[in-house]
Amino acid sequence: MTEPAIRISEVHKAYGSRRVLDGISLDLARGTKLGLIGPAASGKSVLCKLVCGLEQPDRGEIEVFGERIVGKREVDLGPLRRRIGMLFQNYALFDFLTVEQNVAFPLEQGAAGTLSAETIAERVAARLRAVGLAGSEAKLTAELSGGMKKRVGIARATVADAELVIYDEPSAGLDPVTTQKIYDLLSADQARTGATVLAISSDVAALAGFVDEIAFLYDHRVVYRGPAATIADAPNALVRQFVRGDLEGPLDQAGPGMASLDRSIK
Amino acid sequence: MSNRIEALGSAALSLVRAGVELWRVYVSTIAGVMRGFSRRKDRRGHGGRARQSRAQSELVRQLHAIGNKSIVFIVITLGALGMVMTYQACLQLGRVTGDYSQVGSQLLRLIISDFGPTLTAMMLATRVGAGIAAEIGSMKVTEQIDALRMSGVLPIDYLIVPRFIACLVMMLMLAVLGSAVMYAAGGLTAKYSFGVNPNTFFDLSFIRPRHLVLFVVKCLAYGAAIPIVAGFCGLRARGSSEGVGWATTAAVIGSSFAVIVLDFILSASALWLTGGDL
Ligand SMILES: Nc1ncnc2c1ncn2[C@@H]1O[C@H](COP(=O)(O)OP(=O)(O)OP(=O)(O)O)[C@@H](O)[C@H]1O
Ligand SMILES: [Mg+2]
């Protein structure tokens, strides 16, 4: 049990001529929470997909729970993926299923389908209550607001008590109060299950209150990694600039903050 | 010049790659069908009930969507074609010999060994092929396919296998229905436009077992090809709604084309196997 939950070494990934990740390395110990920040289109979501084997890297090695996943066949990745919960940036909810069926899906498909229907229904109901969606069980996902979809996504990612949970923007588009509620929920979940967490967010302040460490993805690499509590005073000037620029106002996350970052690099 | 050769080369390469991928989808679908059957055997009575009942209700839903909802479409199109074909045949015969006694029996032979299954499949390729590609394609671009994979589900097993089985079954049923309607519509046309006696028209004596075998073989081949080509196009959708549009168009063209090519191959093989005595 000593091997890290995630070990990424020297991973390269490009789409056509567009470099996204260029020799990225990252280790994540079991039971820890890592936040990942970086400018828009820096490859954060791509990194999440690489970790789950949803995309294959061009070069490099990725191990999850000590298992190498690069070049593995789809059938063989199933058991490993069931140990991972994933909240997709744009929810990726099943639009042909109701809220309840969406959340039940990982339980129905997981663990060789050994759970009884009653157990599944119970756990789904408990999870929906936890994310504050009791009463919306029968709705189709098209009838939900963005924030509700996000919470369904969180419920689906955590319902099977995954050992590794990946949250891609759990708080994007939510108001500050809901954001805080979501992070409280994620913290409580993590404390309960002891899961390893990889969280991506552009709301660095809220993210810093949730994770132990923060890594900064920039220029196709992880350029900084340090404790979350002191991220605003990080020794790396890039990170300080990015984090502080981000805190100026909720509206200029990718606007003026980014422009000043670009200038400082030149 | 060398640029053009390069472009040609890379086009050929991507065509070969697509072919290989299509073949893989086919093999995985067959493997998925097998897995489905063996799973059913293991799991009888305990565990996995939720998953299995979901799979069954999905199959029923697909049978309905592919079969029942195509009935009116198939009846109308094949009925109209049966009328037109008979009318034209009688018209020409009237000019030459005026003997209509063979029209019915020859039409039936033609319907069973070719037009029934092939026209039904062409209609199904447009209606069902487009539907499958649009459904799977939009799931692809909204990352629902990735979400399926995260639950350890194989997208081919979950999405293509039920459509494959439903299409195989319904292709056969619809072809029987379409052929019957086509023949009946022909008979009515012959009677009311040319006064052909129905007893002469509805003459089954020329049908031989080999015609029926060819009918079934063609139905199975088309029924397998349509969902696989359409599902393959759906899974290849990229980007956004534009990608879904592309996948839908490609599915209709690809599956109709597959039907025509299969028709040619199967008809030629049948002729060859029977030594021309079909
Ligand atoms: N399937 C794909 N095909 C082609 N290019 C892709 C694909 N997925 C991602 N990219 C490209 O990779 C780059 C990184 O994308 P990614 O989604 O990881 O960004 P991100 O860091 O998550 O950004 P954001 O904060 O806006 O979510 C982008 O330039 C994107 O265009
Ligand atoms: Mg992203």
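Start by selecting Thr86(B): with a relative accessibility of 1%, this residue counts as buried. Keep in mind throughout that the model is predicted.

**Stop 1: around Thr86(B)**

Show the cartoon of chain B. Thr86(B) belongs to helix 3 of that chain, which covers residues 71-96. Now display the neighbours. Leaving aside residues up to four places away in sequence, Thr86(B) touches Val103(B) and Leu107(B), then Gly186(B), Thr189(B) and Ala190(B), and also Phe201(B). Show these as sticks around the threonine.

**Stop 2: where the chains meet**

Colour the two chains separately. On chain A, 29 residues are in contact with chain B, which contributes 20 residues. How much area do chain A and chain B bury between them? About 2300 Å², with 53% of it on carbon and sulfur atoms.

Next, look for charged pairs. There are 2 salt bridges between chain A and chain B. Select Arg149(B) and Glu74(A) to see a salt bridge; their closest N and O atoms lie 2.7 Å apart. Then turn on polar contacts. Between chain A and chain B, 6 residue pairs are in polar contact, counting pairs with both residues at pLDDT 80 or more.

Stay on the chain A side. Which elements each supply at least two residues to the side that touches chain B? Select helix 2 (74-81), strand 6 (84-87) and helix 3 (99-109) of chain A. Helix 3 of chain A gives the most to this side, with 5 residues. Colour the chain A side by residue type: 14 of its residues are nonpolar, 8 are polar and 7 are charged.

**Stop 3: the cysteines**

Select the cysteine sulfurs in both chains. How many disulfides does the structure hold? The number is 0 over all chains.

Go to Cys52(A) in chain A. Cys52(A) is in no disulfide, and the nearest cysteine sulfur, which belongs to Cys48(A), is 7.0 Å away. A disulfide would need the two sulfurs within 2.5 Å. Is Cys52(A) buried or exposed? Cys52(A) has a relative accessible area of 2%, so this cysteine is buried.

Cross to chain B and centre on Cys167(B). Cys167(B) is also in no disulfide. Draw a distance to the sulfur of Cys219(B), the nearest cysteine sulfur: the value is 11 Å. Switch to a surface view. Cys167(B) is buried, its relative accessible area being 0%.

Technical notes. Residues numbered from 1 in each chain as written. Chains lettered and ligands numbered in written order. Predicted model: local features only at pLDDT ≥ 70, side-chain atom pairs only at ≥ 80, totals over all residues. Heavy atoms only, no water. Buried < 20%, exposed > 50% of the residue type's maximum accessible area, 1.4 Å probe, protein only. Contact = heavy atoms within 4.5 Å. Buried area = accessible area lost by both parts, 1.4 Å probe. Salt bridge = Lys/Arg side-chain N within 4 Å of Asp/Glu carboxyl O. Polar contact = N/O pair within 3.5 Å; in protein donor to acceptor, adjacent residues only side chain to side chain. Helix = DSSP H or I, 4+ residues; strand = E, 2+ residues; numbered from the N terminus. Nonpolar A, V, L, I, M, F, W, Y, C, P; charged D, E, K, R; others polar.
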